[in-house]
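Subject: Handing over the structure

Dear colleague,

I am passing on the structure we spoke about, and I would be glad if you kept it open on your screen while you read the notes below.

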Amino acid sequence: MSCILNIETSTEACSIALSQDGAVIFSKADLNGPSHAVQLGTFVDEALSFSDSHAIPLDAVAVSSGPGSYTGLRIGVSMAKGICFGRSLPLIAIPSLQILSVPVLLNDDLPEEALLCPMIDARRMEVYAAVYDRALNTKREIAADIVNEKSYRDFLVDHPVYFFGNGAAKCRTQIIHPHAHFLENVVPEAKWMFPLAEKANVNRYYEDVAYFEPFYLKEFVATQPKKLI
């Protein structure tokens, strides 16, 4: 049996969850933020008290690794590192866009050939997005996209593509195609991290706690050319 503390702070939402053997056993979330600096410490204390009082030892800490808010990710990763150092636990990093995709895969009856395009808002008509299939295999890596009427056309020709996340709403007027579907109210939350975190834990995909840094949007903009797809 394994128990993982999951921390998600990549957007305005702040959440934590304890997962054990394929189920969430404790979770806290504030989706009305940003309130990471205020809420995260309290949420983590409650989660640790829950695990300790139920004699459930932690096996690892998983944290969202970006892309996302610089401040949110910094707070989340700092908290995760502190717990790992304090309790001698391994650190697991989960890409934010994959976390965002999990509730869509779990709760929606998607066609077998469907592709997922999670989006994080980057202001104006820019988003940070990736394209995955239903097994979360990467069909296109994370990129900074300036969205226009030609965006994602190569994928839309042959597949239904589902767009979601806090960057998707503003793309409705630009991405007009019969294969384009927009899902509302999809938020990256720690309670959706458990399938990815448990898989990483089983395979021992751990980060170096001392040197790990998240995938900040700020750094991504500085190092990547803008793409017109």
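What follows is a short account of the core, a helix, the cysteines and a strand residue.

Please bear in mind throughout that this is a predicted model.

I begin with the interior. The largest nonpolar core has 27 residues, and those with the most contacts inside it are Ala62, Ile92, Ile94 and Phe164. The elements that give two or more residues to this core are the strands β4 (60-64), β5 (91-94), β6 (115-121), β7 (126-132) and β9 (161-164), together with the helices α3 and α5 (194-202). The largest share, 5 residues, comes from α3. If you select Ile94, you will find that, leaving aside residues up to four places away in sequence, Ile94 touches Ala62, Val63, Ser64, Ser65, Ile99, Met193, Leu196 and Ala197. Apart from this core lies another, of 26 residues, among them Ile7, Phe43, Ala47 and Val63.

Helix α3 deserves a look of its own. The helix spans residues 96-107, and because 9 of its 12 residues are buried, it is largely enclosed by the rest of the structure. The buried residues run through Ser96, Leu97, Gln98, Ile99, Leu100, Ser101, Val102, Pro103 and Val104.

Next come the cysteines. A disulfide is a covalent bond between the sulfur atoms of two cysteines. How many disulfides does the structure hold? The number is 0, and two of the cysteines help to show the reasoning, for which you need the cut-off that the two sulfur atoms must lie within 2.5 Å. The cysteine sulfur closest to that of Cys3 belongs to Cys84, but because the two are 13 Å apart, they are too far from each other for a bond. For Cys117 the closest cysteine sulfur is in Cys171, at 8.1 Å, which is again too far for a bond. Cys3 counts as buried, because its relative accessibility is 1%, and Cys117 is buried as well, with a relative accessible area of 0%.

Finally, please turn to Thr138, which lies in strand β8 (residues 138-146). Is Thr138 buried, exposed or partly exposed? Because its relative accessibility is 38%, Thr138 counts as partly exposed. Not counting residues up to four places away in sequence, Thr138 touches Val131 and Tyr132. The C-alpha atoms of Thr138 and Leu116 are separated by 9.7 Å, and these two residues are 22 residues apart along the chain.

With best wishes

Technical notes: Residues numbered from 1 in each chain as written. Predicted model: local features only at pLDDT ≥ 70, side-chain atom pairs only at ≥ 80, totals over all residues. Heavy atoms only, no water. Helix = DSSP H or I, 4+ residues; strand = E, 2+ residues; numbered from the N terminus. Buried < 20%, exposed > 50% of the residue type's maximum accessible area, 1.4 Å probe, protein only. Contact = heavy atoms within 4.5 Å. Core = buried A, V, L, I, M, F, W, Y, C linked by side-chain atoms within 4.5 Å.
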